[in-house]
Amino acid sequence: MNTFPDCSPARTRTASVNAARLLWVLLWLIAIPADTLRSAEAPWFTRALVGMEVGPTGAQFAGGQHAPDYARNFNGAEVVRRCVAAKAEYLVLWVRDGEFTFHDSKLVPKPAGLGDRDVLREAMDEARKHSLPIIAYCQLQYPAHELRQHPEWKMRQADGKPVDHLVCFNSPYTNAVTALLTEMLGYGIAGFHLDMVDQGFGPPHGCWCDHCQQRFQAEHGRPLPKGVNWGDEDWDRMMQFRYATSDRFEKLLTDHVRRLAPRATVDFNYHGNPPFSWEVGQTPVRHAGNGDFVTGEAGLWAFGALSASFNAEWYRAATPGKPFQVAVQRGVRMYHDQTTRPLNDMRWELFTLLAHGAFVTMIDKTAYDGWLDPVAYDRIGALLGEARNKRKEFGQVPVREVGLYFSARSRDWLGRDKPAAWFQSVQGAHKACVYEHLGFGFLFDENVTLEGLQQFPVVVLPNVGILTEREVDLFRRYIEDGGKLIVTGQSGQFDRMGRPLPASTLEGLIGARMKQRLEGTDNWVRLDASPNGMALGSRLDHHHRIGAAPDQFEHVPFLVRGPATVYEPTTGTAVGELLDSHRAALANPTGYNTDWPLSARTVVGPAALVNSVGKGTVLTFAGSPDAATAGEHHLVETRTLFANAVRFLHPKPRVRITAPANVEAVVTDDPTTRTLRIHFIAYNATPQTTPVKERPYVLPGLIEDAPMFRARIELRDGLKAAKAWNRTTQLKKRGNRVEVTVTDIHEVIHCRY
Ligand SMILES: [Zn+2]
């Protein structure tokens, strides 16, 4: 029997409300603190900081051939007890994988090893004793069971061949999903985690099935394009059609759940952020907004150590004002291994995410038979317990200097089938901000406004090739009002289909004419002794103790590998020199090994331009210090050059942090208590040996030890008192400056102002 505790109609009252009783209730309401009432009503995710996701591993890799002991010991009550003991505030329980469900379903089979047991029922019964919200994990996109019954629901390639592992979201599969969600809602669950609405992570691309053909014809009055064709307006229509398909499916599921159980939440595992691109069928803002909050993944295993802070701030920007969830795993290599990371390795990731405002789900993939590893749960308990003890340190307003602008249109029409090279600029700008302790956030072309730009003293356009008139107009108004813009690479030089333009749409702001796009990426920069050149060249040498005399940067060029432009100044002031490489003189420039850059050859234009517009300033790099920072030739100089540009444009930040490059700093403000919090999170990975596969691409080592590091905090507007969270931290306050010596992975310094 289905019961929907949250949507049963209110009982009709047969007697009028007794006035005295009403008065009593009102007095009672006044007596209860307001925050208690709110928390009683607030959805589970608005008060959650840390939770767990638990499910058996193996379903993805067995191809339907499971051993009899698969999930035999996967027990809902035991999972709940372990998660409660490990301090989880909610549990995302695997109820549906590609082959099976773990509840009594009339639609999808259970694994044989479960016998008569119903894991979801076991979990719900136990969770009630602990008031633990249960979220049902439901896999969407690899429904192996349904696709065996209904091969006609498979995605199809342009040539008609089925994509065997992917389902079309325009097919009747949508009805199968809603029927399954209805079954699960009958258990009174707190919500769904739906994983995932992707249309594939690369070729083969879909979908050209009959359902899609008919729908496209009806909506566009023309047939589907014949295939992927980046020169074709119809391909643009197909891209919009694919985005609309994912959007419609997500909305359909959200509406279905809300209709049946208004308090049950829905969240989708999101793929609108790099390294994912158009093929997934999601854009950064549109597909983050479906459901109650967005969920994404961090993880060194696929995305690198910088993905924690990158993704958290990305999700924040994609869903302004909403909580956002990030999932991490306990496994040493990735989700599907039954190993457990050292506590400090997990602490670094968790506290990076929490400091950036996320709430975090720790994923445990059980043993093949569903057994729960007690060592893992002890370690996770220590981790989540520490997070809960520090709860008050998280969730304040971030203090930010730099807005990193991301254009989904450029992702699609410049990134095309190889988006990674295009992503390198925005990823490098982020990396530079982290290493140089510059507070950052993201801005998106999908929802950009003047007010959005004005949240940031400095906005960066990291090789944003495609910019509409509306966007350029917004930038102009932002700068005229006092905003500061940094332009890199070949920003503004392509039309909406990614075709080169004869002139940059940013020329008026840059104060220079575009003479030429450099085809090679091995470009070099030499600074000069002008005041602007000295400002951009500061700290390139002594700060990092690389051994060069300060004036050598006036004479010796350094590599800034990435896209570049030869500019001719109009109103802008030229700074330094851009040099091409000896590759330009070769008869066949691309014939010489393109992995390795060639040496500097001759000056082709200025290195940078500074242009005043109204009350603001535009600083344009002819090259790409951002892309270079994320590349394989990641010189310290390129990152420092980027940071110097921020400091040149915004010389007096509210908070200035000096700390080692492997220590991330996150600054938040609590205006009601006049407290700035400065989180320090140390990434202290151990060195690795030669990998067996794909040498020399080593995986990062695990963090075992807490390092000792020094850091300095300087407040522009006065400092009354400072204190550290850790007793072991040494703290000295001198005027507006605090100096700390920290011996931990995570520390948070309170500065009262
Ligand atoms: Zn289709």
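**Figure 1. The five-stranded sheet in this predicted model is an open one.** Reading across, the strands come in the order β11-β26-β27-β32-β29, and the pairing is antiparallel. At the edges sit β11 (397-398) and β29 (721-724), each with a partner on one side only. As a reminder, strands of a sheet pair through backbone hydrogen bonds, either parallel or antiparallel.

**Figure 2. Here we zoom in on the hairpin made by β26 and β27.** Strand β26 covers residues 663-670, and strand β27 covers residues 675-682. The two run antiparallel and are joined by 8 bridges. If you want a pair to click on, D669 stands opposite L676 in β27. The hairpin has 4 residues between its strands. One to check on your Ramachandran plot is R674 in the turn, with a positive phi of about 50°.

**Figure 3. Strand β27 has a second antiparallel partner to look at, β32.** This time the count is 7 bridges, and β32 takes in residues 746-752. Two pairs help you find the register: I678 stands opposite I749 in β32, and T675 has R752 of β32 as its bridge partner. How well covered is β27? Of its 8 residues, 7 are buried, so strand β27 is largely enclosed by the rest of the structure. β32 is mostly covered as well, with 5 of its 7 residues buried.

**Figure 4. This view follows β32 across to the edge strand β29.** The pairing is antiparallel again and runs over 4 bridges. A724 stands opposite I749 in β32, and A722 stands opposite C751 in β32. I749 is worth a second look: I678 stands opposite this residue too. In a regular strand the side chains alternate between the two faces of the sheet.

**Figure 5. Domains 2 and 3 meet in this close-up.** The division gives domain 1 (298-318 + 326-392), domain 2 (400-653) and domain 3 (656-752). How many residues are in contact between domain 2 and domain 3? The contact involves 6 residues of domain 2 and 8 residues of domain 3. On the domain 2 side, the touching residues break down into 3 nonpolar, 2 polar and 1 charged. The C-alpha centres of these two domains are 28 Å apart.

**Figure 6. L93 is shown with its neighbours in the largest nonpolar core.** That core holds 215 residues, and L91 and L93 are the ones with the most contacts inside it. Helix α14 (residues 419-435) is the top contributor to this core, giving 8 residues. Which residues does L93 touch, leaving aside those up to four places away in sequence? They are V54, G76, V79, L120, A123, I134, A136 and Y137.

**Figure 7. Pulling back, the last panel puts the close-ups in the context of the whole protein.** There are 20 helices and 32 strands in total. The radius of gyration is 28 Å, close to the 27 Å that the globule rule gives for 753 residues, so the protein is as compact as a globular protein of that length. Its C-alpha trace spans about 85 × 65 × 60 Å along the principal axes. Buried residues account for 51% of the 753. If you're thinking about contact maps, take the contacts between residues at least 6 apart in sequence: 77% of them join residues at least 24 apart.

Notes
Residues are numbered from 1 along each chain as its sequence is written. This is a predicted model: local features need pLDDT of at least 70, side-chain atom pairs count only at pLDDT 80 or more; totals for chains, interfaces and linings use all residues. The radius of gyration is taken over C-alpha atoms; the globule rule is 2.2 Å times the number of residues to the power 0.38. A residue is buried if 20 or more other C-beta atoms lie within 10 Å of its own, exposed if 12 or fewer, and partly exposed in between; C-beta atoms are placed from the backbone. Two residues are in contact if their C-beta atoms, placed from the backbone, lie within 7 Å. A nonpolar core is a set of buried Ala, Val, Leu, Ile, Met, Phe, Trp, Tyr and Cys residues joined through C-beta atoms within 7 Å. Domain bounds come from an automatic or database domain assignment. Ala, Val, Leu, Ile, Met, Phe, Trp, Tyr, Cys and Pro count as nonpolar, Asp, Glu, Lys and Arg as charged, and the others, Gly among them, as polar. Two strands pair if DSSP finds at least two bridges between them.
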